[in-house]
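This report describes the fold in terms of its strands, its aromatic contacts and its overall composition. The sequence and the structure come first.

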Amino acid sequence: MNRTDRQFALVEELRAAAPEPRAARWLADRLNVSIRTIERDLAALQESGLPVYGDRGRRGGYVLDKDRTLPMLNMTTEEAMAVSVALRELRGAPFEAAARSALAKLTSMMPEQDLARAEQLVDRVRPVSAPPGPRSTVPRPIQRALETGRVLHIDYRDRNDQTTHRTVEPMGLLHGPRGWYLLAWCRLRDAPRGFLLDRVHNAEIGEESVVDRSVDLNPPEPGAPTLRVAG
């Protein structure tokens with residue numbers, strides 16, 4: 001059994017036993033390897049962010065937190081390589097940090113020869129033209145507000161360099177010629193607005209949940225009214 005298959009099997013053994021721990025010796029006997037190999041594999045899995053907890057040693061037990069993980073996917077080599085290439089192209093996109101973390105976990109489980117092939121593909125796969133606008137990142141509070149459905153309190157500088165404090169209800173993220181926009185219901189204007197992220201400052205997540213409002217994130221048809229940028 002190679003390293004990748006062994007680590008997949010190790011995770012599945014811990015998942016099946018959770019929330020009960022498994023001793024390193026039990027895992028070693030189960031996978032027919034040495035205790036040192038099991039400990040080395042577990043250390044690599046922990047470094048990749050997998051929530052495995054326990055004590056090292058012959059009597060140590062390890063447990064996997066199932067509430068913080070998804071079952072391991074049985075990917076083919078080509079699928080793993082495709083996902084690896086795609087994740088590397090998310091620089092400047094929303095949830096970039098999560099993409100980097102997912103990439104680290106994926107590459108830690110890939111055989112060295114497949115990882116080398118993925119690295120070559122990254123150098124060869126490029127868009128014909130760069131995406132429009134700057135590749136600025138989306139601030140973490142804005143991402144979290146979208147994830148949790150909470151309002152945002154922001155300071156927003158408009159085109160006239162006037163700054164207003166606003167409470168907004170996040171609805172989505174759009175990318176345009178000038179970069180990322182937060183699509184949100186602005187309570188100051190009582191209407192939907194697009195907030196250019198480069199002009200958003202001091203974003204803080206509020207305790208209040210947003211109102212469920214319908215929104216169309218698809219590009220408008222020619223001649224249709226466009227989303228108004230906050231001013």
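Two residues connect β5 to β6 in a hairpin. The structure is a predicted model. Strand β5 covers residues 163-176 and is joined to β6 by eight bridges, the two strands running antiparallel. One of the paired positions is G176, whose bridge partner in β6 is G179.

Strand β6 spans residues 179-186, and eight of its eight residues are buried. On from β6, a second hairpin leads into β7, with four residues between the two strands. In that turn, D190 has a positive phi of about 55 degrees. The pairing of β6 with β7 is antiparallel and comprises six bridges. Within it, W185 has P192 of β7 as its bridge partner.

A further pairing involves strand β4, residues 150-157, which is joined to β8 by five bridges in the antiparallel sense. Here H153 stands opposite E204 of β8.

The three pairings are set out below.

| Strand pair | Bridges | Sense |
|---|---|---|
| β5 and β6 | eight bridges | antiparallel |
| β6 and β7 | six bridges | antiparallel |
| β4 and β8 | five bridges | antiparallel |

In what order do the five strands of the open sheet lie? The order is β7-β6-β5-β4-β8, and the pairing is antiparallel. The edges are taken by β7 (191-196) and β8 (200-209); each has a single partner strand, so one side of each has no neighbour in the sheet. Direction ignored, neighbouring strands of this sheet are turned against each other by 45 degrees on average. In general, strands of a sheet pair through backbone hydrogen bonds, in either a parallel or an antiparallel arrangement.

Aromatic contacts come next. Searching the whole structure gives one aromatic pair. It consists of Y156 and F195, whose ring centres are 5.0 Å apart and whose planes stand at 90 degrees, so the pair is edge-to-face. The two residues are 39 apart in the chain, with Y156 in strand β4 and F195 in strand β7, and the pair thus links distant parts of the chain.

Are the two partners buried or exposed? Y156 has 0% relative accessibility and counts as buried, because the cut-off for burial is under 20%. F195 is likewise at 0% relative accessibility and counts as buried.

Leaving aside residues up to four places away in sequence, F195 touches a set of residues that includes I154, Y156, R166, V168 and W180. Also in this set are Y181, L182, A184, C186, V200 and A230. From F195 to L174 the C-alpha to C-alpha distance is 9.6 Å, with their positions 21 residues apart in sequence.

Another side-chain arrangement involves R22 and W26. R22 lies over the face of W26, 3.9 Å from the ring centre.

For the protein as a whole, the secondary structure amounts to seven helices and eight strands. Of the 231 residues, 38% are buried. The exposed area is about 14100 Å², and carbon and sulfur atoms supply 50% of it. Taking contacts between residues at least 6 apart in sequence, 59% join residues at least 24 apart.

How values were computed:
Residues are numbered from 1 along each chain as its sequence is written. This is a predicted model: local features need pLDDT of at least 70, side-chain atom pairs count only at pLDDT 80 or more; totals for chains, interfaces and linings use all residues. Side-chain values use heavy atoms; hydrogens and water are left out. Buried means under 20% relative accessible area, exposed over 50%, partly exposed in between (1.4 Å probe, protein chains only). Contact means heavy atoms within 4.5 Å. Accessible areas come from the Shrake-Rupley method with a 1.4 Å probe; for residues, only the protein chains shown count as cover. Two strands pair if DSSP finds at least two bridges between them. Axes are lines fitted to C-alpha atoms, for helices over the stretch in contact, and angles run from 0 to 180 degrees between N-to-C directions. Rings of Phe, Tyr and Trp (its six-membered ring) pair if their centres lie within 6.5 Å; planes under 30 degrees apart count as stacked, over 60 as edge-to-face and the rest as tilted. A charge sits over a ring if NZ of Lys or CZ of Arg is within 6 Å of the ring centre and within 35 degrees of the ring normal.
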